[in-house]
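User: Hey, I'm new to this one and could use a quick tour. Can you walk me through it?

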Amino acid sequence: MLLHTIKGPNSYAMLKTVDGRVCNTFREACQKLGLLEDDEHWTKTMSEAMLTSSPDQIRNLFAIILTTCNPSNPRFLWDKFRESMSEDFLARVRRNNVTYDIQFSSEIFNKVLIILESKMYVYL
């Protein structure tokens with residue numbers, strides 16, 4: 001996409017340069033040039049699901065988005081919505097440990113990622 005857009009590049013750095021700044025990746029350069037769709041519609045979709053859906057339903061939606069919709073920045077979506085997808089795991093841990101103030105942790109998020117991975121195989 002960059003080769004079709006940038007006139008006469010003579011290096012990879014030139015391909016990744018947008019507005020005088022060298023981007024870290026070709027994908028980032030494409031996004032800054034507006035060549036890739038942004039994930040705003042997926043962000044809105046996930047935000048709406050947070051209001052009306054269970055964590056498992058949100059995980060299903062996220063797995064479907066990842067496997068069929070090819071979002072441009074799946075890491076951003078994960079970081080933004082990982083707590084919503086993990087609330088049931090946190091609640092379960094809190095029920096089992098009533099005397100402790102347990103918060104979200106990498107352990108909880110890793111459990112959710114494992115569940116997401118298995119869900120994604122279903123949708124592939």
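Analyst: Sure, and one term up front: a residue is called buried when its relative accessible area is under 20%, exposed when that is over 50%, and partly exposed in between. Also keep in mind that this is a predicted model.

User: Okay, let's try that out. Is E28 buried or exposed?

Analyst: E28 is buried, because its relative accessible area is 17%, and the cut-off is under 20%. You'll find E28 in helix α3, which covers residues 26-32.

User: What does E28 touch?

Analyst: Leaving out residues up to four places away in sequence, E28 touches R21 and C23. With R21 there is a salt bridge between the side chains, at 3.2 Å from N to O. R21 itself is partly exposed, with a relative accessible area of 40%.

User: How many salt bridges are there in the whole structure?

Analyst: A search of the whole structure finds five. Some of them join up: D56, R59, D88 and K119 are linked in a network of salt bridges.

User: Let's go into that network. Which residues does D56 pair with?

Analyst: R59 is one of them, with the side chains meeting at 3.5 Å, N to O. Both residues lie in helix α5 (residues 55-69), three residues apart, which is about one turn of the helix. D56 counts as partly exposed at 33% relative accessibility, while R59 counts as buried at 4%.

User: And how does K119 come in?

Analyst: The side chain of K119 meets that of D56 in a salt bridge too, at 3.0 Å from N to O. K119 is in helix α7 and D56 in helix α5, so this pair ties together parts that are 63 residues apart in sequence. At 14% relative accessibility, K119 counts as buried.

User: Switching topic: how many disulfides does the structure hold?

Analyst: Zero. For background, a disulfide is a covalent bond between the sulfur atoms of two cysteines.

User: Why is C30 not bonded to C23?

Analyst: C23 has the closest cysteine sulfur to that of C30, but the two are 9.1 Å apart, which is too far for a bond. To count as a disulfide, the sulfur atoms would have to be within 2.5 Å. C30 is also buried, with a relative accessible area of 8%.

User: What about C69?

Analyst: C69 is in no disulfide either, and the nearest cysteine sulfur, the one in C30, is 20 Å away. C69 counts as partly exposed, at 28% relative accessibility.

User: Now the overall layout. Which domains does the chain have?

Analyst: The domain assignment gives domain 1 (1-36) and domain 2 (39-122). Taken over C-alpha atoms, their centres are 32 Å apart.

User: Got a pair of residues that shows the distances involved?

Analyst: Try R95 and I6: they are 57 Å apart in space, C-alpha to C-alpha, and 89 residues apart in sequence. R95 lies in helix α6 (residues 74-96) and counts as exposed, at 58% relative accessibility.

User: Last thing, the surface. Which residues form a nonpolar patch there?

Analyst: That patch is made of I64, V122 and Y123, and together they have about 260 Å² of accessible area. V122 is in helix α7, residues 106-123, and is exposed, with a relative accessible area of 65%.

User: So helix α7 turns up twice in this chat?

Analyst: Yes, here's the recap: V122 from the patch lies in helix α7, and K119, the salt-bridge partner of D56, lies in helix α7 as well.

Methods. Residues are numbered from 1 along each chain as its sequence is written. This is a predicted model: local features need pLDDT of at least 70, side-chain atom pairs count only at pLDDT 80 or more; totals for chains, interfaces and linings use all residues. Side-chain values use heavy atoms; hydrogens and water are left out. Patches are made of residues with over 30% relative accessible area and no salt bridge: like charges are joined within 9 Å, nonpolar side chains (Val, Leu, Ile, Met, Phe, Trp, Tyr) within 5 Å. Accessible areas come from the Shrake-Rupley method with a 1.4 Å probe; for residues, only the protein chains shown count as cover. A salt bridge is a side-chain nitrogen of Lys or Arg within 4 Å of a carboxyl oxygen of Asp or Glu. Helices (H or I, at least four residues) and strands (E, at least two) are DSSP runs, numbered from the N terminus. Buried means under 20% relative accessible area, exposed over 50%, partly exposed in between (1.4 Å probe, protein chains only). Domain bounds come from an automatic or database domain assignment. Contact means heavy atoms within 4.5 Å.
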